[in-house]
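Subject: The model we talked about

Hi there,

Here is the structure I promised to pass on. Have a look at it first, and then read my notes underneath.

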Amino acid sequence: MTYTPRWPPDTPARIRRRAVERALADRLDAALARPAAQQPGWPDPDRVRAVVRRLTAGEPLVAPAETRRLLDRLGAVARGEALLLQSGDCAETFADSTEAHLRGNLGLLRRMALVLTHGAGLPVVTVARAAGQYAKPRSAPVDAHGLPVYRGDIVNSAEATHAARAPDPERMAWAHAHAREAMTVVRRLARGELADAHALHEENRRFVDTAPGGRRYAARSAAIGRGLSFMTGIGAPAPRLGEIWTSHEALLLDHERTLLWIDAEGTEPQLSSGLAHFLWIGERTRQPDGAHLAFAELLANPVGVKIGPGTTPEQAVEYVRRLDPHGVPGRVTLISRMGHDRIRQVLPPIVEKVTASGRQVVWQCDPMHGNSRTAANGYKTRHYDRILDEITGFLEVHRALGTHPGGLHLEATGENVTECVGGARGLAEADLPTRYRTACDPRLNAEQGMELAFAVAELFAAGTTPSPETPR
Ligand SMILES: O=C[C@H](O)[C@H](O)COP(=O)(O)O
Ligand SMILES: C=C(OP(=O)(O)O)C(=O)O
């Protein structure tokens, strides 16, 4: 059911439902009336209203039952019985909304998940930054040329002209159309070729045999192979990976408000986003009195909050209390993105205070956003060593406190891009221009992603977290 109320003739049940819808509609309006950071200055509000009305009447992309299943799986992560791996583009573009691109990104997600499952000895819940990650928050309103900044394909074009950078609300409709097609591909791949553990392992074996540094992980790869052969040997059904859920940053509120269902299954009726299974609030929009947090409070979906190095333990507890008033394990994911040099100091008091509050959250590490820097040649980049070091610090903190390091949140693509430096191939700053294709922030490429998965699997398996080299 879409959020726009269509009133049928009255019966007592319908009147009750109508009251719920009205109450939620009022709360939604109140939430969205709060100050909202990072929203585009649409030139023509009437056109925005017309697009929002049109999209609100459309069919949702995901169903509340699917979203509830994810909540259940994240409950397992929060209890320490599973891991969460979330990965994909920094900014999805309409041009890259193709089956080949999605297959690359989702394939990498699944191959990494297979390796982490083995290293941690836990099932891995796979969530794609896909089928809706079209909006970007930015540090400055204008770019280096004085043009309005690119805010993601859902708002304006990356092309460097004034006309192209003007926010166009019709782009929200294009985003819906692309997300709908992407969703079909995600479902098909998740049930089909990207469910097949044998096929994923074969690709990982090729990585180990041919990629620089791959042989370092030969023992784990061989152990995974033996495990799969054993399953075949005893006549077990061919092992298959589970669902792929979708996620994006709940940033552009005119878009987020368009496809909302009423989910009456929980403790109280809530709105369920029909746009994605998992939504998160970004570092730049997590203001306690802001619209984004108030919007997330109304949702039945599992939600994440990015917590940067300026987050206090008190703030973290407030996020959790507001977003999880009923204490549902896995309802909230706290996504730390502190930077490799700060995580070991900033995260522990946050984890301690949230744990003492009695809530069971998913602790997830985003090792990307606190480790960005500008290379000498002007490209925005991240070093593989710093990414791995932030994850190492994350594991150290949780091990020391006896809490569960629930998962990773990465920007990574299955394509052979040159955006992050480092890794066993030794990508250098001079290599960045070769295939620098991201629309916003630098992503790990397929080789760097697999190398990271094997390295983190070793950390999980060892149960210790040595930090062997000083990261660059
Ligand atoms: O992906 C995150 C943000 O959108 C991004 O880091 C902002 O980039 P900027 O600092 O180049 O604007
Ligand atoms: C913008 C993002 O991250 P953050 O809010 O942590 O900067 C992101 O993950 O795309």
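Let me start with Ala131, which sits in the loop between strand E2 (124–129) and helix H5 (162–165). Please keep in mind that this is a predicted model. Ala131 is not a glycine, yet its phi is positive, at about 60°. Most residues other than glycine have a negative phi. Is Ala131 buried or exposed? There are 31 other C-beta atoms within 10 Å of Ala131, so this residue is buried.

The loop between E2 and H5 also holds Ile154. Ile154 has 30 C-beta neighbours inside 10 Å and therefore counts as buried. Along the chain, Ile154 and Arg171 are 17 residues apart, while their C-alpha atoms are separated by 5.0 Å.

Gln38 is another residue to look at for its backbone. Its phi is positive, near 65°, and Gln38 is a residue other than glycine. You will find Gln38 in the loop between helix H1 (12–32) and helix H2 (45–56). Gln38 counts as buried because it has 20 C-beta neighbours inside 10 Å, and 20 or more is what the cut-off asks for.

**The two ligands**

What surrounds ligand 1? Its shell consists of Cys90, Lys136, Pro137, Arg138, Ser139, His369, Cys440 and Asp441. By character, these residues divide into three nonpolar, two polar and three charged.

Around ligand 2 you will see Cys90, Pro137, Glu249, Gly282, Glu283, Arg284, Lys306, Arg337, Asp366 and His369. That shell is made up of two nonpolar, two polar and six charged residues. Cys90, Pro137 and His369 appear in the surroundings of ligand 1 and also in those of ligand 2.

**Helices**

Helix H4 (residues 99–120) has 22 residues, and the distance from its first C-alpha to its last is 31 Å, close to the 32 Å expected at 1.5 Å a residue. H4 is mostly covered, with 16 of its 22 residues buried. Just after this helix comes Gly121, which takes a positive phi of about 65°.

Helix H13 (residues 384–401) can be described along similar lines. Its 18 residues should span 26 Å at 1.5 Å a residue, and the C-alpha atoms at its ends are 26 Å apart, which agrees. How many of the residues of H13 are buried? The number is 13 of 18, so to speak a mostly covered helix. Just after H13, Gly402 has a positive phi of about 75°.

For a pair of helices, try H11 (residues 313–323) and H12 (residues 343–356). Their axes come within 8 Å and cross at roughly 40°. That angle makes H11 oblique to H12, because it falls neither under 35 degrees, which would be roughly parallel, nor in the range of 65 to 115, which would be roughly perpendicular. The crossing of H11 and H12 is right-handed.

**Some distances along and across the chain**

Leu259 lies in the loop between helix H9 (253–256) and strand E4 (260–263). With 24 other C-beta atoms within 10 Å, Leu259 is buried. Leu259 and Ala276 are 17 residues apart in sequence, and in space they are 9.8 Å apart from C-alpha to C-alpha.

Trp280 belongs to strand E6 (residues 278–281). It is buried, with 27 other C-beta atoms within 10 Å. How far is Trp280 from Gly235, in sequence and in space? The two are 45 residues apart in sequence and 42 Å apart in space, C-alpha to C-alpha.

Finally, Thr210 lies in helix H7 (residues 197–210). Is Thr210 buried or exposed? Thr210 has 10 C-beta neighbours inside 10 Å, so it counts as exposed. The C-alpha atoms of Thr210 and Gln360 are separated by 42 Å, with these positions 150 residues apart along the chain.

Happy browsing, and best wishes

Definitions and conventions:
Residues numbered from 1 in each chain as written. Chains lettered and ligands numbered in written order. Predicted model: local features only at pLDDT ≥ 70, side-chain atom pairs only at ≥ 80, totals over all residues. Helix = DSSP H or I, 4+ residues; strand = E, 2+ residues; numbered from the N terminus. Expected span 1.5 Å × (residues − 1). Buried ≥ 20, exposed ≤ 12 C-beta atoms within 10 Å, placed from the backbone. Near = placed C-beta within 6 Å. Nonpolar A, V, L, I, M, F, W, Y, C, P; charged D, E, K, R; others polar. Axes fitted to C-alpha atoms, helices over the stretch in contact; angles between N-to-C directions. Parallel < 35°, antiparallel > 145°, perpendicular 65-115°, else oblique. Left-handed = near helix turned anticlockwise from the far one by under 90°.
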